[in-house]
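Student: I would like a close look at a single part of this model, taken slowly. Please keep the answer in one connected piece.

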Amino acid sequence: SGNGDGSLSDLDLLDVDMLKEIDSVPPLDVYQVRAQNLKKQAITYKNKGDIENAKASLRMSKRLIEAAETIYGKTEIALPASQSKPKLSAQELKQKAIGY
């Protein structure tokens with residue numbers, strides 16, 4: 001099983017024990033990117049009115065995050081840095097708006 005490019009399928013990524021056994025645990029960002037893509041997929045399904053597939057995609061996304069947490073611990077799970085913009089505080093936003 002795989003995604004045609006030799007990469008692991010979503011189900012393979014969930015099999016943490018197997019991955020550890022064959023010593024090929026993928027990097028954390030693989031999990032994050034897959035989970036993100038599944039969430040986007042879920043939104044696409046939902047917009048088409050395909051609720052079943054939307055739910056299935058969300059469930060798989062959640063399971064990938066759980067698998068990643070099993071391997072890497074809860075603390076590291078966040079969006080890949082490129083996708084999470086630093087949040088400005090209300091104070092900083094005011095200063096920006098005023099211009100100093």
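In which helix is Ala-42 found, and what can be said about the surroundings of that helix?

Tutor: Ala-42 is found in helix α3. The model is a predicted one, and every value below is computed from its coordinates.

The setting comes first. The chain has five helices and zero strands, and from the N terminus on its elements run α-α-α-α-α. It has 100 residues, of which 25% count as buried. Its accessible surface comes to about 7200 Å², with 54% of that belonging to carbon and sulfur atoms. Among contacts in the chain with a separation of 6 or more, 53% are accounted for by residues 24 or more positions apart.

Now the helix itself and its partner. Two packed helices are described by the angle between their axes and by the distance between those axes. Helix α3 covers residues 28–47 and helix α4 covers residues 51–72; their axes come within 8 Å and cross at roughly 165°. An angle over 145 degrees counts as roughly antiparallel, so α3 is roughly antiparallel to α4. The crossing of the two is left-handed. The residues of the contact of α3 with α4 divide into 16 nonpolar, four polar and three charged.

Individual residues of α3 fill in the picture. Take Ala-42 again. Its relative accessibility is 5%, and because buried means under 20%, Ala-42 counts as buried. Leaving out residues up to four places away in sequence, Ala-42 touches Ala-54, Ser-57 and Leu-58. Between Ala-42 and Ala-54 the C-alpha to C-alpha distance is 4.1 Å, although 12 residues separate them in sequence.

Ala-35 also has its place in helix α3. With a relative accessibility of 3%, Ala-35 counts as buried by that cut-off. Ala-35 touches Ser-61, Leu-64 and Ile-65, again not counting residues up to four places away in sequence. The pair Ala-35 and Met-60 lies 25 residues apart in sequence, and their C-alpha atoms are 7.6 Å apart in space.

Asp-29 is a further residue of α3. Here the relative accessible area is 41%, and because the partly exposed class lies between 20% and 50%, Asp-29 is partly exposed. Asp-29 and Ala-68 are 39 residues apart in sequence, with 9.3 Å from C-alpha to C-alpha.

Set beside one another, these pairs go with the antiparallel arrangement of α3 and α4: Ala-42 is paired with Ala-54 at a separation of 12 residues, Ala-35 with Met-60 at 25, and Asp-29 with Ala-68 at 39.

One more residue belongs to the loop that leads to this helix. Asp-23 is found in the loop between α2 (16–21) and α3. Its phi is near 55°, which is a positive value in a residue other than glycine. Asp-23 has a relative accessibility of 68%, and it counts as exposed because that class starts over 50%.

To sum up the part in question: α3 and α4 cross at roughly 165°, Ala-42 and Ala-35 are buried, Asp-29 is partly exposed, and Asp-23 in the preceding loop is exposed.

Technical notes: Residues are numbered from 1 along each chain as its sequence is written. This is a predicted model: local features need pLDDT of at least 70, side-chain atom pairs count only at pLDDT 80 or more; totals for chains, interfaces and linings use all residues. Side-chain values use heavy atoms; hydrogens and water are left out. Axes are lines fitted to C-alpha atoms, for helices over the stretch in contact, and angles run from 0 to 180 degrees between N-to-C directions. Helices (H or I, at least four residues) and strands (E, at least two) are DSSP runs, numbered from the N terminus. Angles under 35 degrees count as roughly parallel, over 145 as roughly antiparallel, 65 to 115 as roughly perpendicular and the rest as oblique. A crossing is left-handed if the near helix is turned anticlockwise from the far one by less than a right angle, and right-handed if clockwise. Ala, Val, Leu, Ile, Met, Phe, Trp, Tyr, Cys and Pro count as nonpolar, Asp, Glu, Lys and Arg as charged, and the others, Gly among them, as polar. Buried means under 20% relative accessible area, exposed over 50%, partly exposed in between (1.4 Å probe, protein chains only). Contact means heavy atoms within 4.5 Å. Accessible areas come from the Shrake-Rupley method with a 1.4 Å probe; for residues, only the protein chains shown count as cover.
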